[in-house]
Amino acid sequence: MRIPMYSGRSRGGPLGALGGRVLLVFLIIVALGAWWFSNQKTGITGRRQMITVDVADEIAMGREAYMQVLTGQPILCFKGATSCSIQDAQLVDEVREIGDRLRKAALEWEKDGGRMSVVGDTASHLPAWGPLADKFNWEFNVIEDEKTANAFALPGGYVAVYSGILPYAKNADGLAAVMGHEIGHALARHGAERMSQQQVMQFGQVAAGAVFGDMGVGTQRMVMGALGAGAEVGVLLPYARSQESEADMIGLELMVRACFDPRETPLLWKRMETLGDTKGAPPSFLSTHPDSAARAKAFETAMPTAIKAYQAKCGALPPRAD
């Protein structure tokens, strides 16, 4: 029986095809890591954030995106509207009044050094980029869409509330919790952080494509798929969940400083738990958001400190009917 001569080609299957590329892959990882860490900035809660986007550019992109979203949408009592019912006008006025109180709270909070009083933090530590609220061009609008239970705030203080969130918000305090959370995303620059993370991932995938471009189609798909899945599960999703939790606490801080009842926050998320089909929800480690029950529990844990902070600023809490 003849023994075939060794040809020098790897017999380890697709993984063996990596061969001498390991060094190049290592250098790419080192370069990406260096870029990642060189752009780290200390955020509002002390968490290190990778941000490569300039604040002015971020605000400009926020305004452009806001106008694109509003275009073609039914905006209640929008500028230049030919008709606006009394009921719609009252709703828009309420949303804008809540928004203005949260805006003033954000200005006060940043002037106070960014202390997170709702978690008992007495130290002042503004983020690396400094105050933002005074740089924002605040706008508050209501989108008439009963099927969408959502709200958003884009960089620059561009805020919109969908009418479909109102039954879950239930009252002014609940709506302040929703809006405060969204404003928290903008103040913490989570949009810029996500854009920066995507830049790193895209650069990594382009580099990987160049390294593995001469491999077979099957091997390329395996390698690129593994890189994509690893980035999504290992980096982007955990960051998204930490951003949501961070925005929750920032929103709670703004609520307290604006003298909204913080006790409404866990109740809001218990109501949000009924939204959608939770049976079809992905496992928590594959979700960009903490589940509603976990968020309600986090608020309940923070509540004694939040109530103390409220009472120090706003006086005694009003009695609740529920």
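Is C84 buried, partly exposed or exposed? Select C84 and have a look: this cysteine is partly exposed, with a relative accessible area of 39%. Keep in mind that you're touring a predicted model.

**Stop 1: the C77 and C84 link**

Keep C84 selected and add C77. These two form a disulfide, with their sulfur atoms 1.7 Å apart. A disulfide is a covalent bond between the sulfur atoms of two cysteines. Now look along the S-S bond: the angle about it is 65 degrees, which makes the link of C77 and C84 right-handed. While C84 is partly exposed, C77 is buried, at 17% relative accessible area.

**Stop 2: the other disulfide**

How many disulfides are there to find? The count comes to two, so jump over to C259 and C314. Their sulfur atoms sit 2.0 Å apart, and with -90 degrees about the S-S bond this link is left-handed. The pair joins distant parts of the chain: C259 is in the loop between helix 8 and helix 9 (264-272), C314 is in helix 10, and they are 55 residues apart. Colour both by accessibility and you'll see that C259 is partly exposed, at 30%, and that C314 is partly exposed too, at 23%. Count the bonded cysteines along the chain and the disulfides follow the pattern 1-2, 3-4.

**Stop 3: a network of charges**

Next, select E108, D112, R115, E253, R257 and K313 together and show their side chains. They are linked in a network of salt bridges. Side chains of opposite charge can pair when their charged atoms come close.

Zoom in on R257 and E108, whose side chains meet in a salt bridge, 3.0 Å from N to O. R257 lies in helix 8 (residues 217-257) and E108 in helix 4 (residues 86-111), so this pair ties together parts that are 149 residues apart in sequence. R257 is buried, with a relative accessible area of 9%, whereas E108 is partly exposed at 30%.

Stay on E108 and bring in K313. Their side chains also meet in a salt bridge, at 3.2 Å from N to O. Because E108 lies in helix 4 and K313 in helix 10 (residues 292-314), the pair ties together parts that are 205 residues apart in sequence. K313 is partly exposed, with 41% relative accessibility.

**Stop 4: a buried salt bridge**

Where to now? Try R271 and E264, which form a salt bridge with their closest N and O atoms 2.8 Å apart. Both R271 and E264 are buried. If you feel like hunting for others, the whole structure has 19 salt bridges.

**Stop 5: the sheet**

Switch to a cartoon view and find the open sheet of three strands, in the order 3-5-4 with mixed pairing. Which strands are at the edges? They are strand 3 (139-143) and strand 4 (151-154), each pairing on one side only. Neighbouring strands here are turned by 15 degrees against each other on average, direction ignored.

Strands of a sheet pair through backbone hydrogen bonds, either parallel or antiparallel. Select strand 3 and strand 5 (residues 158-162): they run parallel and are joined by five bridges. Pick out I143 and you'll find Y162 of strand 5 standing opposite.

For a last view, turn helix 4 back on. Helix 4 lies across strand 3 and strand 5, running at about 145 degrees to strand 3. You've met this helix before, as the home of E108.

Methods: Residues are numbered from 1 along each chain as its sequence is written. This is a predicted model: local features need pLDDT of at least 70, side-chain atom pairs count only at pLDDT 80 or more; totals for chains, interfaces and linings use all residues. Side-chain values use heavy atoms; hydrogens and water are left out. A salt bridge is a side-chain nitrogen of Lys or Arg within 4 Å of a carboxyl oxygen of Asp or Glu. Helices (H or I, at least four residues) and strands (E, at least two) are DSSP runs, numbered from the N terminus. Buried means under 20% relative accessible area, exposed over 50%, partly exposed in between (1.4 Å probe, protein chains only). Two strands pair if DSSP finds at least two bridges between them. Axes are lines fitted to C-alpha atoms, for helices over the stretch in contact, and angles run from 0 to 180 degrees between N-to-C directions. Contact means heavy atoms within 4.5 Å. A disulfide is a pair of cysteine sulfur atoms within 2.5 Å.
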